[in-house]
Amino acid sequence: MINKKSRDEIKRMRHAGHIVALVHQKMKEVVEPGISTKELDNIAMKIIKENRAIPTFLGYAGFPASICTSINEEVVHGIPSEDRILKEGDIIAIDVGATYGGLVGDSAWSYRVGKVSPEVDALMKTTEESLYAGIEQMRPGNVLDDISKAIEAVAVKGGYGIVRQYGGHGVGYEMHEDPFLFNYSVGDNTLIKLNTAIAIEPMLNLGCDDVVVAEDGWTVSTKDGKPSAHFEHTVIATEDGPLITTQLMN
């Protein structure tokens with residue numbers, strides 16, 4: 001069942017999303033060669049708690065940290081560690097969730113660590129472009145496949161692999177609610193209704209579509225070891241068009 005959000009619930013989701021955006025604002029400042037992913041997790045945790053929110057990821061199905069940090073060929077769900085030190089030329093996808101007033105904001109962004117290769121830079125730009133193409137279709141009266149097709153079209157044009165085992169999802173009182181959103185067309189004609197919320201999150205690869213899960217049970221990486229990029233916003237379908245909740249409020 002896909003739940004519509006009330007005016008009050010949307011207000012709380014926007015506040016949760018604002019906190020997530022504050023974390024990403026700080027990540028943009030501190031991601032640099034020499035910092036550990038555990039340090040990034042500590043910084044994120046501090047911001048979330050200072051804003052009277054709960055780190056949504058911490059303890060979720062046993063996940064041990066407040067953010068996911070996925071480096072280079074790692075697609076999603078990377079676990080922060082003191083031993084994972086960022087170096088020049090890396091890219092890192094940082095996924096952040098915050099719960100405020102019982103409602104969730106969820107957003108991921110990929111960051112360059114210093115200067116990256118032209119191929120990786122193009123991958124990141126295209127993945128971000130595919131996110132906004134999908135967001136544009138998040139309108140009442142459209143169907144889920146409109147979002148999926150928009151994301152896929154950008155990915156195919158760039159010649160990138162599309163992660164198929166993972167995708168977007170409904171979000172609200174839980175981080176993962178119905179519906180599941182594919183990042184490629186499957187003909188899903190589920191109607192997008194007014195005031196429903198979805199976390200739209202394309203994951204594109206420089207190589208093949210296929211991914212594998214590490215022995216830690218969490219970290220998902222590309223099967224061919226080539227880099228992956230991940231961008232995500234929580235979006236609500238409103239009368240005035242797509243409302244991105246995971247951005248800074250004025």
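Visitor: How many nonpolar, polar and charged residues are there, by class, in the lining of the largest cavity?

Guide: The model is a predicted one, and in it the lining of the largest cavity has 6 nonpolar, 1 polar and 1 charged residues. As a general idea, rolling a probe the size of a water molecule over the atoms shows where empty space is left. Here the count comes to 1 cavity of 30 Å³ or more, and the volume of the largest cavity is about 30 Å³.

Visitor: Which residues line the largest cavity?

Guide: Its lining is made up of Ile2, Leu144, Pro179, Leu191, Ile192, Lys193, Thr196 and Ile198.

Visitor: What volume does the largest pocket have, and which residues lie nearest its centre?

Guide: The largest pocket has a volume of about 350 Å³, and of the 17 residues that line it, His24, Gln25, Lys28, Trp109 and Tyr111 lie nearest its centre. By class, its lining divides into 7 nonpolar, 7 polar and 3 charged residues.

Visitor: Which helices and strands supply at least two residues each to the lining of the largest pocket?

Guide: Helix H1 (7-30), strand S5 (103-112) and helix H3 each do so, and S5 gives the most, with 5 residues.

Visitor: What can be said of the second largest pocket and its lining?

Guide: The second largest pocket has a volume of about 300 Å³, and it is lined by 21 residues, of which His77, Asp95, Met175, His176 and Glu201 lie nearest its centre. That lining divides into 11 nonpolar, 6 polar and 4 charged residues.

Visitor: How should I read the span of helix H3?

Guide: The idea is to set the distance from the first C-alpha to the last beside the one expected at 1.5 Å a residue. Helix H3, residues 118-136, has 19 residues and reaches 27 Å, close to the 27 Å expected. The buried residues of H3 include Val120, Leu123, Met124, Leu131 and Ile135, and also Asp121 and Ser130.

Visitor: Which residues touch the most other members in the largest nonpolar core?

Guide: Of the 49 residues in that core, Val31, Leu40, Ile92, Ile94 and Ile200 touch the most other members. Apart from the largest core lies another, of 9 residues, among them Val104, Ala197, Ala199 and Ile236. To take one member of the largest core, and leaving aside residues up to four places away in sequence, Ile94 touches His24, Met27, Val31, Leu40, Ile67, Cys68, Ser107, Ala108, Trp109 and Tyr111.

Visitor: Is Ile10 buried or exposed?

Guide: The reading rests on relative accessibility, with buried meaning under 20%. Ile10 counts as buried because its relative accessibility is 12%. Ile10 lies in helix H1, and, not counting residues up to four places away in sequence, Ile10 touches Lys5, Asn195, Ile236 and Leu243. The C-alpha atoms of Ile10 and Asn42 are separated by 28 Å, with the two residues 32 residues apart along the chain.

Visitor: Why does Gln165 count as partly exposed, and where is its place?

Guide: Gln165 has 45% relative accessibility, and therefore counts as partly exposed. The place of Gln165 is in the loop between strand S6 (161-162) and strand S7 (168-170). Beyond the residues up to four places away in sequence, which are not counted, Gln165 touches Asp209 and Val211. From C-alpha to C-alpha, Gln165 and Val212 are 9.8 Å apart in space, while in sequence they are 47 residues apart.

Notes:
Residues are numbered from 1 along each chain as its sequence is written. This is a predicted model: local features need pLDDT of at least 70, side-chain atom pairs count only at pLDDT 80 or more; totals for chains, interfaces and linings use all residues. Side-chain values use heavy atoms; hydrogens and water are left out. On a 1 Å grid over the protein atoms alone, a cavity is a set of points where a 1.4 Å probe fits but cannot get out, and a pocket is an open set with protein on both sides within 12 Å along at least five of seven lines; lining residues have an atom within 4 Å of a point. Grid points are joined across faces, edges and corners, and a volume is the space filled by probe spheres set on the points. Ala, Val, Leu, Ile, Met, Phe, Trp, Tyr, Cys and Pro count as nonpolar, Asp, Glu, Lys and Arg as charged, and the others, Gly among them, as polar. A nonpolar core is a set of buried Ala, Val, Leu, Ile, Met, Phe, Trp, Tyr and Cys residues joined through side-chain atoms within 4.5 Å. Buried means under 20% relative accessible area, exposed over 50%, partly exposed in between (1.4 Å probe, protein chains only). Contact means heavy atoms within 4.5 Å. Helices (H or I, at least four residues) and strands (E, at least two) are DSSP runs, numbered from the N terminus. The expected span of a helix is 1.5 Å times one less than its number of residues.
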